[in-house]
Amino acid sequence: MPLNKETGYIHGHEDKERHYGSLVPPIYQSSTFTFPDAESGAARFSGNGNGYMYSRLGNPTVREFEERMAAAERGEKALAFASGMAAVSAVLTSLLRSGDHVLVSKGVYGCTFGLLSWLSDRFDVHANYISMENKSDLAENLQPTTKVIYVETPINPTMKMTDFSLITQFAQEHNLTVIVDNTFASPYLQRPLEHNADVVVHSATKYLGGHGDVIAGVAVGSFDFMEVVRKNAQKDMGGVLGSFEAWLLLRGMKTLSVRMDRHCANAKVIAEKLKKHLQVETIFFPGDPDFQQCELTSKQMDQPGGMISFTVKGGKEAAFNVMNRLKMIAIAVSLGDAETLIQHPASMTHAVIPEAEREFMGISDNMLRLSVGLEHYEDIWNDLEQALAGN
Ligand SMILES: Cc1ncc(COP(=O)(O)O)c(C=O)c1O
């Protein structure tokens, strides 16, 4: 019987007997693994033997996390990486060759933009950032060399959403691979593979880890494609996850559902209050009934999430003043932690994107991004309110 998603995050498939009945999988903190004899070592390297060889090629604790993530995203196979960017770059370089073209959502994490710019400068791989609101947006930008559609949804930090049914149907018609960065939602709120996307990537640093103590990434897709990623982009470029980090992620995942419920409940209250505040110009929150794509949120997300962006009256200076007046809320990038975090996308997470393109993506100088934490919502709001009151 398939497990409910909440249960699946807690109960993996590990062989408890092998771990002396240990409830929690141990951390296999070993770089290499011994072979009982030379023949078994050779067999493992030729792919014909069971067992581990060297932790860059596979590690039992990391494998446990990968299996739990494959189940969480309803995919066939997951691979864990040293960071979200290691996952994104491994997937993109496994799919693209020199001369290829990528259709990208109008807005992505700054370093994803940076990676695509670097691939363009050095490896002749080109990208177009487009709104993807309807089929003609896609059709007008399709090139004979287009191979991939890469989206974040909700987009960091504007929260714009992309309709999975629109892009996956278009991709099928034109033989394109759809990659979705699911970091903002987590598999608890949204499972793109269920909507026919091909590959999901995550910064596991965020909601999956959930405690601000690990940098990690993961990619999930079909067995065949992930094997391609494993054999080259992972094995030979080597951005693998360490076993301790995998163990932290296994621990984080056990509470993913309860944490996400609380993040979402808090964010809903804070968004409502921010929306009414006189110093706030606009809020960007997928659960806001006035949010342009609110219907799409309920179509493809189980809940609208724990992230809110908002613009304040008075420009960049006013936005900085709000951050500097906060007493409890930390000024920090990253998201999905127990602590509420605030940051200024234009000068922090998205600073590498040239100003004109940032504006095109809707990232203004008076925008702040809030990762709503797990504290009592009254304390979060009291801090925000006193910080906004000074403007
Ligand atoms: C949406 C998104 N994708 C990818 C990344 C990159 O992840 P990492 O910092 O773990 O490399 C981030 C980091 O903030 C992100 O927000």
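1. Let's start with Ile331. In this predicted model, Ile331 has a relative accessibility of 41%, so this residue counts as partly exposed, since that class lies between under 20% for buried and over 50% for exposed. Ile331 sits in strand E10, which covers residues 330-331.

2. Ile331 also has company at the surface. Together with Val333 and Met348, Ile331 makes a nonpolar surface patch of about 220 Å².

3. Now for the sheet, which is worth tracing on screen. It is an open sheet of 7 strands with mixed pairing, and the order to follow is E1-E7-E6-E5-E4-E2-E3. Strands E1 (77-81) and E3 (126-130) are the edges: each has a single partner strand, so one side of each is left without a neighbour in the sheet. On average, neighbouring strands are turned by 20° against each other, direction ignored.

4. At the E1 edge, the partner is strand E7 (residues 217-221); E1 and E7 run antiparallel and are joined by 5 bridges. A handy pair to look for here is Leu79, with Ala219 of E7 standing opposite.

5. Next, have a look at helix H4 (residues 84-95), which packs on the sheet. H4 touches E1 and E7, and also strands E4 (146-152), E5 (177-181) and E6 (199-203). The direction of H4 makes about 155° with that of E6.

6. Which strands does helix H5 lie across? H5 (residues 110-123) lies across strand E2 (101-105), E3 and E4. Relative to E3, H5 runs at about 140°. E3 is one of the edge strands from point 3, while E4 is also touched by H4.

Terms used:
Residues numbered from 1 in each chain as written. Predicted model: local features only at pLDDT ≥ 70, side-chain atom pairs only at ≥ 80, totals over all residues. Heavy atoms only, no water. Pairing = 2+ DSSP bridges. Helix = DSSP H or I, 4+ residues; strand = E, 2+ residues; numbered from the N terminus. Axes fitted to C-alpha atoms, helices over the stretch in contact; angles between N-to-C directions. Contact = heavy atoms within 4.5 Å. Patch = residues over 30% accessible without salt bridge, like charges linked within 9 Å, V, L, I, M, F, W, Y side chains within 5 Å. Areas by Shrake-Rupley, 256 points an atom, 1.4 Å probe, with all protein chains shown as cover. Salt bridge = Lys/Arg side-chain N within 4 Å of Asp/Glu carboxyl O. Buried < 20%, exposed > 50% of the residue type's maximum accessible area, 1.4 Å probe, protein only.
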